[in-house]
Every structure is written in structure tokens, then in C-alpha cells.
Amino acid sequence: MSEGTTISASWRDKLKGAGARILTGIFGKSAPEPETAEPKWKQLEIVKWPAPILKQEAKPVTTFGDQNMELIQRMVETMKRTGACGLAAPQVGVGRRLILCASGKGGAVPMANPVIIAKFDSDPLGDGKKPVLEEGCMSFPGHKVRIKRYHAICVQFNDPFTGELLGLESSGAPARTIQHEIDHLDGITILDHALPNQRKRIDKDMRAKLERQEEKKARRARVAG
Ligand SMILES: [Zn+2]
């Protein structure tokens with residue numbers, strides 16, 4: 001038995017113990033695609049640092065069903081238009097534990113209350129090093145931070161439409177995205193992963209951008225008034 005199989009067997013037992021149905025991959029479950037080429041759902045505005053919601057812990061999703069459809073579809077549309085590979089609800093101003101991870105076909109996997117139940121430092125067939133890569137974030141446009149993430153994870157979550165408990169195993173880029181988005185649900189951003197000097201620089205730049213934006217708004221309001 002290979003190392004990979006051993007790892008999978010143990011997390012599968014854990015998920016089954018919790019009563020979860022296991023998906024075979026990140027592409028197993030997607031939000032329904034809009035039927036027409038014409039975008040049916042309006043894009044959402046991305047909340048930027050230093051908005052307080054980005055520092056807050058999000059609340060669990062407790063209602064499942066079609067009432068989550070509009071938010072999820074609008075989040076999918078926002079991801080598509082911005083080319084992002086993931087999005088967390090607090091980034092669109094909703095303090096709920098809901099994330100999306102791109103599924104590669106223009107769709108996305110929506111996950112409510114995602115919890116990482118197992119994590120693996122490295123690819124069992126790789127060199128054993130926890131990968132460090134540069135990561136950007138739509139809430140910090142123009143900035144990138146080198147972040148060490150687990151190579152592979154097992155995540156348990158609820159289907160936002162049915163509430164069904166699901167589980168999946170992910171590695172590489174989607175695993176990195178899921179870790180990044182779950183961070184957002186805990187009020188953790190790329191800033192928390194940056195070195196002190198870089199952290200200060202990014203924070204200062206984002207606050208200056210916000211100030212310039214507010215000055216612009218105030219000027220427009222004066223002209224309108
Ligand atoms: Zn982000």
C-alpha cells in the first residue's frame with residue numbers, strides 16, 4: 001500500500017465517522033451554471049483592507065437551501081469576472097462561514113462551514129518540503145505575500161443548498177486556495193502571514209488607497225451637492 005492510500009484511508013474513516021459523504025475530487029460538486037451567456041447575476045463589490053469584517057471571525061451557516069443561491073451565484077460571477085480562484089463571504093461583506101473554490105470549468109465549489117480535518121506537509125512522492133508560494137488576495141490588490149501552506153488537506157463542509165455533510169481531499173493549487181479562504185473565515189489575511197516590515201508597508205499602502213478613495217467620494221459629493 002502506498003503512503004497516499006494510507007493517508008486517504010485514515011481521513012476517510014474520520015469523515016465516515018462524522019457521517020460525511022466523500023466526494024471524489026474538487027470538481028465533484030459545483031454551483032449550477034447560469035443558463036444564458038448573458039450574466040444573470042450581478043457581480044459583488046470586494047471588501048478591501050482595512051475593512052473591519054476582514055479581521056472578524058465569521059459566523060456558521062445555519063440555514064441551507066435556495067436562500068443561499070443568490071449570494072453564491074453572485075460570488076461565482078464575481079470570481080469569474082475577476083479571474084480569482086477562490087472567494088470567501090466576508091470579502092463580499094457577508095460574515096458567514098462560506099467559501100468558493102474555482103472548479104476549472106468556470107464553475108466553483110461552494111462550501112459552507114468548511115473545516116480542515118487533516119493536513120499533510122508534503123506530497124508523499126515529493127521532496128518533503130512544505131511549499132512556499134506567493135499569494136495575492138482581492139482584498140489587497142497589487143500585493144503578494146510568500147506563504148507556507150500544507151500541500152494537501154482533507155476538508156469537511158456542508159452543501160450550502162442541502163446541508164449535507166461532505167468531505168473531499170485536495171492537493172496543490174486548490175488546497176492552497178481552500179486554506180487561504182478558510183483563513184478569511186477566521187479573520188486571517190495574507191497580512192498575518194507577511195514579515196513585519198512587509199506587513200507594515202502593505203497596511204500603510206492600503207490605508208493610503210482608502211484615504212484617496214474617500215477624498216474622491218467626498219469631492220464627488222460636494223460637486224453633486
Ligand atoms: Zn483573500
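Two strands pair if DSSP finds at least two bridges between them. Strands (E, at least two residues) and helices (H or I, at least four) are DSSP runs, numbered from the N terminus. This is a predicted model: local features need pLDDT of at least 70, side-chain atom pairs count only at pLDDT 80 or more, and totals for chains, interfaces and linings use all residues. Residues are numbered from 1 along each chain as its sequence is written.

**Exercise 1.** Find how strand E7 (residues 152-158) and E8 are joined, and what lies between them.

Solution.
- Step 1: E7 and E8 run antiparallel, with seven bridges.
- Step 2: Take single partners. Asn158 is bridged to Leu165 in E8, and Gln156 stands opposite Gly167 in E8.
- Step 3: Six residues separate the two strands of this hairpin, and Gly163 in the turn has a positive phi of about 85°.

**Exercise 2.** Find which other strands pair with E7 and E8, and in what sense.

Solution.
- Step 1: E4 and E7 are antiparallel and share six bridges; Ala118 is opposite Cys154 in E7.
- Step 2: Strand E1 (residues 21-22) pairs with E8 in the parallel sense, over two bridges. Here Ile22 faces Gly167 in E8.

**Exercise 3.** Decide whether the residues of E7 are buried or exposed, then treat E8 likewise.

Solution.
- Step 1: Fix the terms. A residue is buried if 20 or more other C-beta atoms lie within 10 Å of its own, exposed if 12 or fewer, and partly exposed in between, with C-beta atoms placed from the backbone.
- Step 2: In a regular strand the side chains alternate between the two faces of the sheet.
- Step 3: On one side of E7, Ala152, Cys154, Gln156 and Asn158 are buried; on the other, Ile153, Val155 and Phe157 are buried. Seven of the seven residues of E7 are thus covered.
- Step 4: In E8 (residues 165-171), five of the seven residues are buried, so the strand is largely enclosed by the rest of the structure.

**Exercise 4.** Name the residues that touch the most other members of the largest nonpolar core, and trace the contacts of Ile99.

Solution.
- Step 1: A nonpolar core is a set of buried Ala, Val, Leu, Ile, Met, Phe, Trp, Tyr and Cys residues joined through C-beta atoms within 7 Å.
- Step 2: The largest core has 29 residues, and Met79, Ile99, Leu100, Cys101 and Ala108 touch the most other members.
- Step 3: Elements giving two or more residues to this core include helix H2 (69-82), E7 and E8.
- Step 4: Two residues are in contact if their C-beta atoms, placed from the backbone, lie within 7 Å. Leaving aside neighbours within four places in sequence, the contacts of Ile99 include Gly86, Met111 and Leu185.
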